[in-house]
Amino acid sequence: MKLRSKLLVLFVIIAVVLGAAWVILTKGDTAQLSVEAVSGPKPKITPARTEVIPTVKVASVVGWADGAKPVPAAGLAVGQFAAGLDHPRWLYELPNGDVLVAETNSPPRETKGIADWIMGLLMKRAGAGVPSADRITLLRDADGDGVAEMKVPFLTGLASPFGMALVGDQLYIGNHDALVVVPYTAGETRITAKPKKVMDLPGGGNHWAKNVVASPDNQILYISVGSSSNIAENGMEAEDYRANILELNLRTKGVRIFATGLRNPVGMAWEPKSQALWTVVNERDMLGGDLAPDYMTRVDFGAFYGWPYSYWGGYEDKRVPERPDLLQYTKRPDYALGPHTASLGLAFGSLGPFQNGAFVGQHGSWNRQPVSGYKVTFVPFGDRGFPINGPGGAMRDVLTGFLDKDGRAQGRPVGVITRSKGDLLVADDVGNRIWRVTAK
């Protein structure tokens, strides 16, 4: 009888845990505004709806059926550049036209409680629960037919690699916990040299991906480092050298913080007309489906963008200690990209009907009802190097169809690059493909 009672208690406990998990996964805040209303240079900022338990609404993964592919905008065509990859997230074009792709994912995360357990389930549901391949692969389209006939491991044994930047004959890679470098010879298809550490970076955390871009004169590297948490709930000491963009002088080896208050800056690129550095940033969670908008902004030296104390240039986050002394120094971002869109990729260029602007890879939300993102968008820029503010300045869809008719994820776009060949490549980490977009 005692055994039956214990089994009954155990059954009840399991039922309660599963029931709580189901409530968490199916209930939550519902967005009251469209994504478009919370986009552009002047997004609508409504009062926060603070969530104790995060809203969860993530598209389950089904992958691409035979012959299926994303839907391009009018005037464009899309084809498969490479397939059979292992969670490809970031892209880099070498001077000879070869394409490097970082096959990578988060480093192993410790499960400390039910919240971490639920997050693990969500990551698996979203297609992000796979171990990191820790590899950079080289893709080569030697015959120019738009399909990479060569796919070879280029550099292995890395640690959740992400950003890549070639400076002279040195290839820099952003591991999750360090910036490393290897020698590179034009045309080679494999590097066997052991990566040499250039500097340590704060590893792991909620935002592990470290992007790297070189200045136009190749004298400086800029390294994006996301926060380890949502709103510094583990204390600001855990955010040392995080939520910012670092600057490394390659001649003097000196390092300084270039800009701060950027919760999770990932994509970085140089705007061609002004030669200014721009980034896309993932903003904070659990303020409701309409807040806070992810954004794209020009990054100015010494600028502070608010995290964790405020968002969108001065709207205070009441969940963290007040810092009114910082509000007057908080810079407002330049262009909102919609709430919870998980905007990651950034590349400037032109393609068919999309002329002079920024292409943005939106990985897609996990905590908004209805979901947002899951597409590649375009923000048109003016002659002065800023997004157009007025007629013709609205964000436009470039590549959609990553969600099927039932709202399931066939793929999720991440990194984007505009190539010297005049096309656009898109890394699809759930579809395990690289898509090539061209003008018709």
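These legends go with four close-up views of a predicted model.

**View 1. The second largest pocket, with a volume of about 690 Å³.** Here we're looking at a pocket lined by 27 residues, and the ones nearest its centre are Tyr92, Val213, Met268, Ala269 and Trp270. The lining comes out as 20 nonpolar residues, six polar ones and one charged. At least two lining residues each come from strands S4 (88-93), S8 (164-167), S12 (211-214), S16 (265-271), S22 (343-351) and S26 (413-418).

**View 2. Strand S4 and its hairpin partner, S5 (residues 99-103).** S4 has five of its six residues buried, so the rest of the structure largely encloses it. The two strands run antiparallel and pair over five bridges, with Tyr92 of the pocket lining bridging to Leu100 in S5. Five residues sit between the strands of this hairpin, and Gly97 has a positive phi near 95°.

**View 3. The largest nonpolar core, 24 residues in total.** Leu100 turns up again here, and along with Ile136, Phe154, Leu155, Met164, Leu171 and Ile173 it touches the most other members. S5, S6 (135-140), S7 (150-155), S8, S9 (170-174) and S10 (178-183) each put in at least two residues. S10 gives the largest share, three residues.

**View 4. Leu171 and its contacts.** Leaving aside residues up to four places away in sequence, Leu171 touches Leu100, Phe154, Met164, Ala165, Leu166, Val180, Val181, Val182 and Tyr184. Another core, of 21 residues, lies apart from the largest one and includes Ile220, Tyr222, Met268 and Val299. Met268 is also one of the residues nearest the centre of the pocket in View 1.

Key
Residues are numbered from 1 along each chain as its sequence is written. This is a predicted model: local features need pLDDT of at least 70, side-chain atom pairs count only at pLDDT 80 or more; totals for chains, interfaces and linings use all residues. Side-chain values use heavy atoms; hydrogens and water are left out. On a 1 Å grid over the protein atoms alone, a cavity is a set of points where a 1.4 Å probe fits but cannot get out, and a pocket is an open set with protein on both sides within 12 Å along at least five of seven lines; lining residues have an atom within 4 Å of a point. Grid points are joined across faces, edges and corners, and a volume is the space filled by probe spheres set on the points. Helices (H or I, at least four residues) and strands (E, at least two) are DSSP runs, numbered from the N terminus. Ala, Val, Leu, Ile, Met, Phe, Trp, Tyr, Cys and Pro count as nonpolar, Asp, Glu, Lys and Arg as charged, and the others, Gly among them, as polar. Buried means under 20% relative accessible area, exposed over 50%, partly exposed in between (1.4 Å probe, protein chains only). Two strands pair if DSSP finds at least two bridges between them. A nonpolar core is a set of buried Ala, Val, Leu, Ile, Met, Phe, Trp, Tyr and Cys residues joined through side-chain atoms within 4.5 Å. Contact means heavy atoms within 4.5 Å.
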